[in-house]
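Here are my notes on this one, written to be read with the structure open beside you. Go through them in order and look up each residue as you meet it.

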Amino acid sequence: MLLSSSLFSSSLLLSPSPSPFIKPSSATTQTTSSSSYSPSISSPSLSQSAASSYSLSSSQSSIVTSSSTTSSSTTVRPSPIPTLTCPSTSAETAAGNTEWDETVVGESSSSDCPYGPDGAEALRNCFLSPNDGVIWGEVQDGGCFTATNFLQTLSNGITKDTAFSYSEMLLDLPFNSLTKTDMTFFVDIVSQLISVAAGDDTFSILGNVLDAINEVLISDSVNSLSGDSATVLQNVISTAVLDILIKGNNPEVILEFGNLYIGGKYIGDGDSV
């Protein structure tokens, strides 16, 4: 009896108490369960994540390290590079006035040829210059008809039916880019328009003609006017004013077209000048 008791006491001394910081292995858990011994770990203040940090398991340790690294790292994202563009604008060349939409640097834009041919387009590149920054390139309109082609067409097609629409088309000319040949056609066209102006559109036609003449006189192309052409324009202006006086039953008129001022007074028989 004494020997048994001694052995039992010895076995109790050799069995270590479960530590609250070391998880028992599965084998230990089974042994404890079979002997109905359930050690309780009293650490209510430790959260699950904190308890995991005390684990001696290598896998648990790596998870904690990974979690710690993830929470402390900061991802730095570069700021987006702004898109550089050429602003929307217009341009005037011998092929007419063209409109250009806003375009990204490195790309090209297209614009319909003002005077045709049908389906033809002018092109223009937007690029970045080391000295000037974002700029438009030159208008590439080699496939477009020029103002000369257009004016020649108008000159050959003026009638009473086309006079009003043709007089409006004159206002869209690239006045600063007209050549001497263009000016010759222009003077011929306005002369014809004055001579055929009639009906309800008479004063609209006369007004458009005088507007177009004013644009020519204030443009860079005025130097392309020959002496003969300048004389014809003076006659056109006088005829237009006279028509406005007579056909409009106006005894006196003063017209202003930009920088062009025109005054006229109808003098009947017996009136003194």
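Before the points, one definition: two strands count as a pair if DSSP finds at least two bridges between them. Keep in mind, too, that this is a predicted model.

1. Start with the sheet. It is an open one with three strands in the order β5-β6-β7, paired antiparallel. β5 and β7 sit at the edges with a single partner strand each, so one side of each has no neighbour in the sheet. From one strand to the next, the twist averages 20°.

2. Now zoom in on β6 and β7. These two run antiparallel and are joined by four bridges. A hairpin of three residues takes you from β6 to β7. Across the pairing, look for Cys126, which stands opposite Trp136 in β7, and for Leu128, which is opposite Val134 in β7.

3. Trp136 deserves a second look. How many aromatic pairs does the model have? The count comes to two. In one of them, the rings of Trp100 and Trp136 have centres 6.3 Å apart and planes at 50°, so this pair is tilted; the tilted class covers plane angles that are neither under 30 degrees nor over 60. The pair links distant parts of the chain, as Trp100 belongs to strand β3 (residues 96-100) and Trp136 to strand β7 (residues 133-136), 36 residues apart.

4. Are these two tryptophans buried or exposed? Trp100 is buried, with a relative accessible area of 1%. Trp136 has 15% relative accessibility and counts as buried as well, because the cut-off for buried is under 20%.

5. The other pair is Tyr115 with Phe150, and it is stacked: the centres are 4.3 Å apart, with 10° between the planes. Here, too, distant parts of the chain are linked: Tyr115 lies in the loop between β5 (108-112) and β6 (121-129), while Phe150 is in helix α5, 35 residues away. Both Tyr115 and Phe150 are buried.

6. Phe150 leads us to helix α5 itself, residues 147-155. Which of its residues are buried? They are Ala147, Phe150, Leu151, Leu154 and Ser155. These residues cover an arc of only 135° around the axis, which is why they end up on the same side of α5. Try looking down the helix to see this for yourself. What covers these buried residues includes α6 (163-170) and α7 (180-196).

Definitions and conventions: Residues are numbered from 1 along each chain as its sequence is written. This is a predicted model: local features need pLDDT of at least 70, side-chain atom pairs count only at pLDDT 80 or more; totals for chains, interfaces and linings use all residues. Side-chain values use heavy atoms; hydrogens and water are left out. Buried means under 20% relative accessible area, exposed over 50%, partly exposed in between (1.4 Å probe, protein chains only). The arc is that of the directions from the helix axis to the C-beta atoms. Contact means heavy atoms within 4.5 Å. Rings of Phe, Tyr and Trp (its six-membered ring) pair if their centres lie within 6.5 Å; planes under 30 degrees apart count as stacked, over 60 as edge-to-face and the rest as tilted. Axes are lines fitted to C-alpha atoms, for helices over the stretch in contact, and angles run from 0 to 180 degrees between N-to-C directions.
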